[in-house]
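Work through the exercises below with the model open in your viewer. Try each task before you read its solution.

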Amino acid sequence: MLTGAAATQQCYDTSTAYGGLLPADIEGSTPPPAGSPNYVLGFGTNQLLLWKFHVDWATPSSTTFTGPSATPVAAFSAACGGGGTCIQQAGTLNKLDSLADRLMYRLAYRNFGDHESLVVNHSVTVGSSVGIRWYELRNPGGTPVVYQQSTYAPDSAYRWMGSVAIDAGGDIGLAYSASSSTTRPSVRYTGRLASDPLNTMQSEATLIQGNGSQTGGLHRWGDYSSISVDPSDDCTFWLTNEYLSVNGSFNWRTRIGSFRFPSCSSGPTPPPPPPPPVTNDFSIGASPTSLTLNAGQSSTSTISTTLASGTAEAITLSAAGAPAGTTVSFSPTSVTTGGSSTMTLAVGPGTLPGSYTIAVTGTSPTTSHQTSVTLKVPGANVVANPGFETGTFASWIPSGVSKPVIVGSGAHAGTYAARPGSPTPYNGNSTLTQMVTVPSSGGTLSFWYLPRCPDTLTYDQQQAQIRSTVGSTLATVMNICSNSGAWTQKTFSMAAYAGQTVVLYFNVHDDGYPTDPSYMLVDDISIQ
């Protein structure tokens, strides 16, 4: 490639027992010793597996791919049972994939002259959480030796999606994603000096605190992060990873940042580039991020702002998404960047039970950012599986020409919702029913629906009814053809049926016309 010669390739297969192998990637300007192979690494049960790929371009028949040689390491269990989905996030039950069945990018190689080093990491189980197992492997050209190793897990948060590199002074930088049931996915990093005690890392720092969690049933958290050493000074670590600014799926952002150990030196440090224009910016967060309150109760969450760049500005706070009967107030209603406000949620007696997302927006003259607080209002609900969070139709009966289905994205709250009807045209009904016994006090039927009906009520209908156990209609709660595409709450007094056993009946009728199929999403159904 460097000389412009014609490109060729040489390929080898390992057995099917191995997967996720990483080829070594050079750091620094000192090449490997003459005749060195390219090192390829994987892992097995409590061991690292090393292959040597020695390519002879002049005589391809002399090319060799040998290994693996096994080097024992401290015992570990791959995170999430070996690559499954277990990473917790704040404000959602949706969990993220650990990708713990493989070593994580990169396998960084550096030739120091008196020794060669390889550094690499992967995700392992630490108690009920996940941490980063990292290694420095030396003498890969002979008998490999684990010079140092450790699992970085300073607290119970989940740390995964790591990347590790080594600078000209032998200092190591480690970057990764971090998340927990009370913290949204963020980008953090740590490192160690060559002079630090072996097998240790220093305290971590945060590159960016995420303000959103990944929802919608999307479990894959990117694929890899990356950290590498800037060739201009051979000391500065550049890292990149993803985060979310608000809850959602397929709405991630990428953050790039750098850090450097002051003691690293490989010659004169190049002058810094001219400073770019600085934009005033801030981040916003809530603590706690979830409140559980009964009707008539109130509690608070602290809304904090942090300067991200530029200078401080006035930030006005507002909230949306509170259920009917619940009030939201701030004290104070406006803060200066770096300040905080107390948000009070007061749940009135008319608030229906359920889980609600309160979106808190901070708006400055320059920009705006959002965080969220989950409000959970418990209550006696005679409807079984009301939010379909079992992921099934347990306690419900789907029927019709086009049977309803469970959907794992776009739910009103939680992960799942039910969808009577279909985006594909059909001729007939799509019905969902459940038999319930109405409380002796009657109570109120409440449900959320998201309609899609591009036709007219003459031909297509989205319906909710109260029926008797023999199928006769007692009351029509809703009979519409709406294409609003917005979640809407419907309530209905059940006083007339107090103490009776009735059938909740949700139905979508489509006339089969091929260009305007009808359906709706239904979620969070309750009789309180």
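**Exercise 1. A loop residue with positive phi**

In which loop is N199 found?

Solution. N199 sits in the loop between β13 (183-192) and β14. Strands here are DSSP runs of E with at least two residues, helices are runs of H or I with at least four, and both are numbered from the N terminus. This is a predicted model, in which local features need pLDDT of at least 70, side-chain atom pairs count only at pLDDT 80 or more, and totals for chains, interfaces and linings use all residues. Residues are numbered from 1 along each chain as its sequence is written, and side-chain values use heavy atoms, with hydrogens and water left out.

Next, check the backbone. N199 is not a glycine, yet its phi is positive, near 70°. Then check exposure. N199 has a relative accessible area of 36%, so it is partly exposed. The classes are buried (under 20% relative accessible area), exposed (over 50%) and partly exposed (in between), with a 1.4 Å probe and protein chains only.

**Exercise 2. The helix**

Place C80 and G82, and classify each as buried, partly exposed or exposed.

Solution. Start with the chain: it has one helix and 36 strands. C80 lies in helix α1, and G82 is in helix α1 (residues 79-83) as well. C80 has a relative accessible area of 17%, so it is buried. G82 is at 35%, so it counts as partly exposed. C80 has a positive phi of about 55° although it is not a glycine. Finally, look across from G82: its C-alpha atom is 5.5 Å from that of A100, 18 residues apart along the chain.

**Exercise 3. Two open sheets**

Give the strand order of the sheet of three strands and of the sheet of eight.

Solution. Take the three strands first. Their order is β15-β16-β17, the sheet is open, and the pairing is antiparallel. Two strands pair if DSSP finds at least two bridges between them. β15 (226-229) and β17 (253-259) are the edges; each has a single partner strand, so one side of each lacks a neighbour in the sheet. The average twist from one strand to the next is 20°. Twist is an angle between axes, which are lines fitted to C-alpha atoms (for helices over the stretch in contact); angles run from 0 to 180 degrees between N-to-C directions. Four bridges join β15 to β16 (residues 237-243) in the antiparallel sense. V229 stands opposite F237 in β16.

Now the eight strands. The order is β4-β3-β2-β1-β7-β8-β9-β10, again an open sheet, with mixed pairing. β4 (64-72) and β10 (145-152) are at the edges, each with a single partner strand, so one side of each has no neighbour in the sheet. The twist averages 30° from one strand to the next. β1 (residues 22-26) pairs with β7 (residues 104-111) in the parallel sense, over three bridges. A24 stands opposite L107 in β7.

**Exercise 4. A serine and its polar contacts**

Which backbone oxygens does the side chain of S225 reach?

Solution. Locate S225 in the loop between β14 (205-208) and β15. Its relative accessible area is 4%, so S225 is buried. Its side chain reaches the backbone oxygen of M161 at 2.6 Å. The backbone oxygen of G162 lies 3.4 Å from a polar atom of the S225 side chain. A polar contact is a pair of N or O atoms within 3.5 Å; within protein, one must be able to donate a hydrogen and the other to accept it, and residues adjacent in sequence count only if both atoms are side-chain atoms.

**Exercise 5. Two cis peptide bonds**

Which residue pairs are joined by cis peptide bonds, and where do the prolines lie?

Solution. The first pair is S287 and P288, with omega about 0°. P288 lies in the loop between β18 (281-287) and β19 (290-292). The second bond runs from S331 to P332, with omega near 0°. P332 lies in the loop between β22 (326-331) and β23 (334-336).
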